[in-house]
Amino acid sequence: MSVKVKEIIDYLHSIAPNELQESYDNAGLIVGSENNIVKKVMVSLDTTPAVIDDAIKQGCNLVVSHHPIVFKGIKRFIDGYYVHDTVIKAIKNDISIFAIHTNLDNVYLNGVSTKMAEILGLSDVKILLPTNYYSSEFSNSYGAGAIGILSNPIKPTYFISHVKEKFQLQCLKYTDLCRNAITKVAVCGGSGSFLIQRAIDVGADVLITSDVKYHEFFDANGQIIILDIGHYESEKHVIRLLADLLKSQFTPISILETSINTNPVSYSA
């Protein structure tokens, strides 16, 4: 049974409607044709020249990534810059690239943040900042971030160790440990500092996210603990999330997870 790129896209959009992507985003089909027949799929967090090389090596002609390789307007495609090199290499090798980004951030079922909550073992998980978006076609709840409850309260120092273990972290950044115990936990995959006040307002003890700027850490204001675990680290689970979804729906096709670590950040002890 042959499967077209469009069928993959339609299925993923049934989980995370494209209308849910933020205005600044560029999710969707970036390179290729919806009518191409899919041989194998490579799933990645980012699309880079190394990921395209991995796809070529594994015989994949569709890359499904979380982050769009083309994000801002580009006027020229000249080699020497990773975005240009990625797109040119994909086109030369007839590889389509599809991104499912902030629309996947903004769903409850199979969403980026709710998966974080699952990894942490939270219960009674809800959307942190619900949106007014409604779809009669799709059964899901929509909005940014997630919030849930730990089954047993835990001291902040122990909770930090728990987070480091669950997300396989070498290090993280955090604000003053202003709670005696952690019970209510807010999370947001990727850049979630815009949710700091919301997390405070709903009584969260801690917000786990990434890309928090220096002055934004002050916004904790002794009312919440902020943990910045790194952008890649907060979203790398999306690779397995997308791969599992595709495997469940498209059994005749090989769905592979890239072996490339695309994290551009390194750490030193």
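Here are some numbered notes on the strands, cores and cavity of this structure, which is a predicted model.

1. Let's begin with strand β2, residues 40-44. Four of its five residues are buried, so β2 is largely enclosed by the rest of the structure. It has a parallel neighbour in β11 (residues 254-257), joined to it by four bridges. If you want a landmark for that pairing, take Lys40, whose bridge partner in β11 is Ser254.

2. β2 also pairs with β3, again in the parallel sense and over four bridges. Here you can look for Ser44, which stands opposite Ser65 in β3. The connection is worth tracing too: β2, helix α2 (residues 49-58) and β3 make up a right-handed β-α-β unit.

3. Move on to β3, residues 62-65, and you'll find that it runs parallel to β4, with four bridges joining the two. Val64 has Phe98 as its bridge partner in β4. Another right-handed β-α-β unit turns up here, made of β3, helix α3 (residues 82-92) and β4.

4. What about β4 itself, residues 96-99? Ser96 and Phe98 point one way from the strand, while Ile97 and Ala99 point the other way, and all of them are buried. β4 also pairs with β1 (residues 28-31), this time in the antiparallel sense, over three bridges. In that pairing, Gly28 stands opposite Ala99.

5. Which residues touch the most other members of the largest nonpolar core? They are Ile8, Leu12, Val41, Val64, Leu104 and Leu246, out of 32 residues in that core. The elements that each supply at least two residues to it are α1 (5-15), β2, β3 and α10 (237-249). Of these, α10 gives the most, with seven residues.

6. Val41 is a good place to zoom in. Leaving aside residues up to four places away in sequence, Val41 touches Cys60, Leu62, Val64, Leu246, Ile253, Ser254, Ile255 and Leu256. Two of these names should look familiar: Val64 and Leu246 are listed with Val41 among the core residues that touch the most other members.

7. Is Leu242, in helix α10, buried or exposed? It counts as buried, because its relative accessibility is 0%. Not counting residues up to four places away in sequence, Leu242 touches Leu12, Val43, Val64, Ile100 and Leu104. Try finding Gly111 as well: Leu242 and Gly111 are 131 residues apart in sequence, yet their C-alpha atoms are 9.9 Å apart in space.

8. Back to the cores for a moment, starting from the largest one, to which α10 gives seven residues. Apart from it lies another core, of 21 residues, and its members include Ile160, Leu169, Leu172 and Val187.

9. How many cavities of 30 Å³ or more does the structure hold? There is one, and the largest cavity has a volume of about 30 Å³. Its lining is made up of Pro156, Phe159, Ile160, Leu177, Ile182, Val206, Ile225 and Leu227. Two elements give two or more residues to that lining, namely α6 (156-166) and β10 (225-228). The largest share, three residues, comes from α6. Ile160 is worth a second look, as it appears both in this lining and in the core of 21 residues.

Methods:
Residues numbered from 1 in each chain as written. Predicted model: local features only at pLDDT ≥ 70, side-chain atom pairs only at ≥ 80, totals over all residues. Heavy atoms only, no water. Buried < 20%, exposed > 50% of the residue type's maximum accessible area, 1.4 Å probe, protein only. Pairing = 2+ DSSP bridges. Right-handed = clockwise from strand over helix to strand, strands pointing away. Core = buried A, V, L, I, M, F, W, Y, C linked by side-chain atoms within 4.5 Å. Contact = heavy atoms within 4.5 Å. 1 Å grid on protein atoms, 1.4 Å probe; cavity = no way out; pocket = protein on both sides within 12 Å on 5 of 7 lines; lining within 4 Å. Points joined across faces, edges and corners; volume = space filled by probe spheres on them.
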